[in-house]
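User: I am new to reading protein models and would like to learn how to go from the picture to careful statements. Could we work through one together?

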Amino acid sequence: MTREILLQINNREEKVAVENADTLLDVLRDRLQLWSVREGCGVGACGTCTVLLDGRPVSSCHLLAVRAVGREIVTVEGLSQGGKLHYIQEAFLEQRALQCGYCTPGFILAVKGLLEEYANPTDEEIREYLSGNLCRCGAYGDILRAVRSAQEKAHIKSSALVK
Ligand code: FES
Ligand code: FES
């Protein structure tokens, strides 16, 4: 059965017609053309389809779109502001933490969730938090450096705010 739902995506309200069985991944890509959200395994095991749902990373291939009504959804398209990249995106570029880049949007959102939950994560906490995101190119060392660089940028930003 098709029905219309309202989704809050990247600070905008989007009205979309969905089938009950449509996943959030289907809707974000096929109806809203948010191409940063990518399909990998399709069964919740690789993290390439990660989005933030109320600030927490979730696999959008594993969530029915109708279950996302009333929740705040963020994709990478919602991160940059005024044409300026988000500091986590900058950290990934500066640390060259990508090769083919297929996994990168999912990792960037997972890192955002991580840094909102942990101000000073240990290497083990980072590995554990990001364990649902796989990189077929094996760029894990560079990704860890990007997390550390993003963490530094976050601290610089928050100390500038309290001055
Ligand atoms: S495509 Fe969703 S977790 Fe792999
Ligand atoms: S950079 Fe290629 S899959 Fe991660």
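User: To begin with a single helix, which residues of α3 are buried?

Analyst: Please keep in mind throughout that this is a predicted model. A residue counts as buried if 20 or more other C-beta atoms lie within 10 Å of its own. In α3 the buried residues are Thr-104, Pro-105, Gly-106, Phe-107, Ile-108, Leu-109, Ala-110, Val-111, Lys-112, Leu-114 and Leu-115. That makes 11 of its 14 residues, so α3 is largely enclosed by the rest of the structure. As for its length, α3 reaches 20 Å from its first C-alpha to its last, close to the 20 Å expected at 1.5 Å a residue.

User: Stepping back, how many helices and strands does the protein have, and in what order do they run?

Analyst: The protein has five helices and five strands, and, read from the N terminus on, they follow the order β-β-α-β-β-β-α-α-α-α. The C-alpha trace spans about 50 × 40 × 25 Å along its principal axes.

User: What does the radius of gyration say about the overall form?

Analyst: The idea is to set the value found beside the one expected for a compact globule of the same chain length. With 163 residues such a globule would have a radius of gyration near 15 Å, and the protein has 16 Å, which agrees. Of these 163 residues, 36% count as buried. If you take the contacts between residues at least 6 apart in sequence, 58% of them join residues at least 24 apart.

User: Into which domains is the protein divided, and how many residues of each are in contact with the other?

Analyst: The division is into domain 1, residues 2-78, and domain 2, residues 87-162, and their centres, taken over C-alpha atoms, are separated by 22 Å. Where they meet, 15 residues of domain 1 are in contact with 13 residues of domain 2. On the domain 1 side, β3 and β4 (56-59) each supply at least two of the touching residues, and β3 gives the most, with three. By chemical class, the residues of that side divide into eight nonpolar, five polar and two charged.

User: Where does the largest nonpolar core lie with respect to the two domains?

Analyst: To answer this, one asks which parts of the chain supply the residues of the core. The core has 41 residues, among which Val-51 and Val-111 touch the most other members. Elements that each supply at least two residues include β1 (2-9), α1 (24-31), β3 (50-53), α2 (87-94) and α5 (140-162), while the largest share, seven residues, comes from α3. Domain 1 and domain 2 both give residues to this core, so it lies between them. For a closer view of one member, Val-111 is in contact with Ile-88, Val-147 and Ala-150, leaving aside its neighbours within four places in sequence.

User: Which strands do the buried residues of α1 pack against?

Analyst: The buried residues in α1 are Leu-24, Leu-25, Val-27 and Leu-28, and the buried residues of this helix pack against β2 (12-19) and β3.

User: Which residues, other than glycine, have a positive phi here?

Analyst: Most residues other than glycine have a negative phi, and it is therefore worth looking at the exceptions. Among them is Gln-33, which is not a glycine and has a positive phi of about 55°; Gln-33 is placed in the loop between α1 and β3, and it is exposed, with 8 other C-beta atoms within 10 Å. Another is Asp-54, with a positive phi near 50°. Asp-54 is found in the loop between β3 and β4 and is exposed too, with 12 other C-beta atoms within 10 Å.

User: Finally, which residues does Tyr-129 touch, not counting residues up to four places away in sequence?

Analyst: Here one looks for partners that are separated along the chain but meet in space. Tyr-129, which is in helix α4 (residues 123-129), touches Ala-110 and Leu-114. Tyr-129 and Ala-110 are 19 residues apart in sequence and 7.8 Å apart in space, C-alpha to C-alpha. With 19 C-beta neighbours inside 10 Å, Tyr-129 counts as partly exposed, whereas both of its partners, Ala-110 and Leu-114, are listed among the buried residues of α3.

Conventions
Residues are numbered from 1 along each chain as its sequence is written. Chains are lettered from A and ligands numbered from 1 in the order in which they are written. This is a predicted model: local features need pLDDT of at least 70, side-chain atom pairs count only at pLDDT 80 or more; totals for chains, interfaces and linings use all residues. Helices (H or I, at least four residues) and strands (E, at least two) are DSSP runs, numbered from the N terminus. The radius of gyration is taken over C-alpha atoms; the globule rule is 2.2 Å times the number of residues to the power 0.38. Two residues are in contact if their C-beta atoms, placed from the backbone, lie within 7 Å. A nonpolar core is a set of buried Ala, Val, Leu, Ile, Met, Phe, Trp, Tyr and Cys residues joined through C-beta atoms within 7 Å. Domain bounds come from an automatic or database domain assignment. The expected span of a helix is 1.5 Å times one less than its number of residues. Ala, Val, Leu, Ile, Met, Phe, Trp, Tyr, Cys and Pro count as nonpolar, Asp, Glu, Lys and Arg as charged, and the others, Gly among them, as polar.
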